[in-house]
Amino acid sequence: MSASTASDVRPESEPVEAFAERARAWMAANLPPRPDRVPSRGDQARRTHERALQRLIWDGGFAGICFPAAFGGLGLSAAHQAAFTEASLPYDMPYSLNVPTFGILAATLAEVGSDAQRARHLPAILRGEELWVQFLSEPTGGSDLAGVRMRADRDGDEFVLNGSKIWSSAAFASDWAMCLARTDWDVPKHRGLTMFIVKIHQPGIRIDRIRQVDGSDEFCQEFFDDVRVPGSAVVGGVDDGWSVATQLLGHERAAVGGASKYTSGRLLLHAEGDFAADLVAVARARGVDGTPSVRSAVARARIAETVHAQLTGHVMAAMIDGELPPSAGAYLKLSAATTRMVHDECGLQIAGVDGVAWPAGDGSAPGRGAGEATLWRQALSLGGGSNEMQRNLIAERVLGMPREATADHRVPYRDVPHA
Ligand SMILES: Cc1cc2nc3c(=O)[nH]c(=O)nc-3n(C[C@H](O)[C@H](O)[C@H](O)COP(=O)(O)OP(=O)(O)OC[C@H]3O[C@@H](n4cnc5c(N)ncnc54)[C@H](O)[C@@H]3O)c2cc1C
């Protein structure tokens, strides 16, 4: 069966329902079915497969639905994207490209990148040729992002980067990064930062993979040793990196909270609408679906899921209408993280001993999924900014409460004491 191509259609004037109808027909003809089991995070073959899937979607004329038409996207509305995502649920999709590549980094680049940067990278990203990652967190801590200590020293038309980044998701398998570094040490911490586009695999960057408690080794730490980047790699302006980072973090909250118009297809990061049904399946497989405590755990998960879905809808609508500021994305991120925690706790309760041990190599053992999910249950309450930082944001930026007292806001960063 042949795929329709981007040049066959004029999607910019297409009504949402007609677009969705065309997408459904194209998916039925071109996309493989959704896999039974979510592929593991470190699976390199899966990543290659997802790049190819994204290329298929590009060739079909459905890539980058909300990205600017001038830079390879379709320039359509969030409603078009939502309809496409809805139609895509039964199919295999390049899930892992959503976060961080599409929803965070491409979204930021689309908004604040130069025309040359957007023309160079956005079409390549939408073709599945470039995976991106964030180089933000450092070994000294991630919550105090404005306190980054990686240095970028100007040398003619270039900058020379030295330092270390950590907790970068799948940097080893990615191509480009947005990297926050300090260009001015003589001003307060927020004012001396610059965001750079960095090619990941190049001399001077060493990538170490970090093994997690569940055996995965997707997280990386990078060591920069005199890495030269051209002045054209600066995103936004020199010393204006904090405003770029702020924009990026807004996209991160929206993407991780499940409210980004730049992601396409289901998100793997947080629980979905059928999660409680998965719990019921585990309960049935273990023969405990009549047990009162198990039934109440399923109900608890379902309630959390329903409240999260309602909250997401209301907050998104209020943000679109301007009733809530962009920082209100912190509600979505916080709700996604706390809902995920409830799901995982309920899942482990239902799985019982089967969530702790299962026969080696048995991918379908009841409880295995719940056991593995439990090992990752903290991830969403840290990645994209911790729950505490989301609560700070809601207090200060949405509710207008006084800012948290800090000792380092007005002093040159050079004079800030470091442990
Ligand atoms: C799944 C996942 C993916 C990630 N991917 C990336 C990535 O691709 N790139 C990247 O750069 N980073 C990534 N991170 C790192 C993430 O951004 C950091 O873990 C996060 O910002 C917290 O930083 P930290 O771990 O250094 O904890 P710290 O900042 O040291 O914080 C430790 C604890 O102290 C609390 N705390 C700190 N400051 C305050 C405060 N002012 N008020 C109240 N409580 C506070 C925090 O909430 C936290 O509980 C990822 C993390 C996870 C879990």
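**Ligand environment and nonpolar core**

A backbone N or O atom of leucine 136 is placed 3.0 Å from an oxygen atom of the ligand in this predicted model. A polar backbone atom of glutamine 134 lies 2.9 Å from a nitrogen atom of the ligand. A side chain also takes part: an N or O atom in the side chain of glutamate 388 is found 2.6 Å from an oxygen atom of the ligand. On its own, the ligand has 970 Å² of accessible area, of which the protein covers 68%.

The ligand is surrounded by 20 residues, and those that come nearest are Gly142, Ser143, Trp167, Ser386 and Glu388. Classified by type, the shell comprises 10 polar, eight nonpolar and two charged residues. With respect to secondary structure, at least two shell residues are supplied by each of β3 (158-169) and α11 (387-398). Strand β3 accounts for the largest share of the shell, with four residues. At the level of domains, domain 2 (134-241) and domain 3 (270-398) each provide at least three residues of the shell around the ligand.

The packing of nonpolar residues was examined next. In soluble globular proteins, nonpolar side chains tend to be buried together. In the present model, the largest nonpolar core consists of 73 residues, and Leu161, Met195, Phe196 and Phe224 have the most contacts inside it. Helix α4 (residues 98-112) contributes seven residues to this core, the largest share. Domain 1 (18-96 + 103-130) and domain 2 (134-241) are each represented in this core by at least three residues.

Methods: Residues numbered from 1 in each chain as written. Predicted model: local features only at pLDDT ≥ 70, side-chain atom pairs only at ≥ 80, totals over all residues. Heavy atoms only, no water. Near = heavy atom within 4 Å. Polar contact = N/O pair within 3.5 Å; in protein donor to acceptor, adjacent residues only side chain to side chain. Areas by Shrake-Rupley, 256 points an atom, 1.4 Å probe, with all protein chains shown as cover. Nonpolar A, V, L, I, M, F, W, Y, C, P; charged D, E, K, R; others polar. Domains from an automatic or database assignment. Core = buried A, V, L, I, M, F, W, Y, C linked by side-chain atoms within 4.5 Å. Buried < 20%, exposed > 50% of the residue type's maximum accessible area, 1.4 Å probe, protein only.
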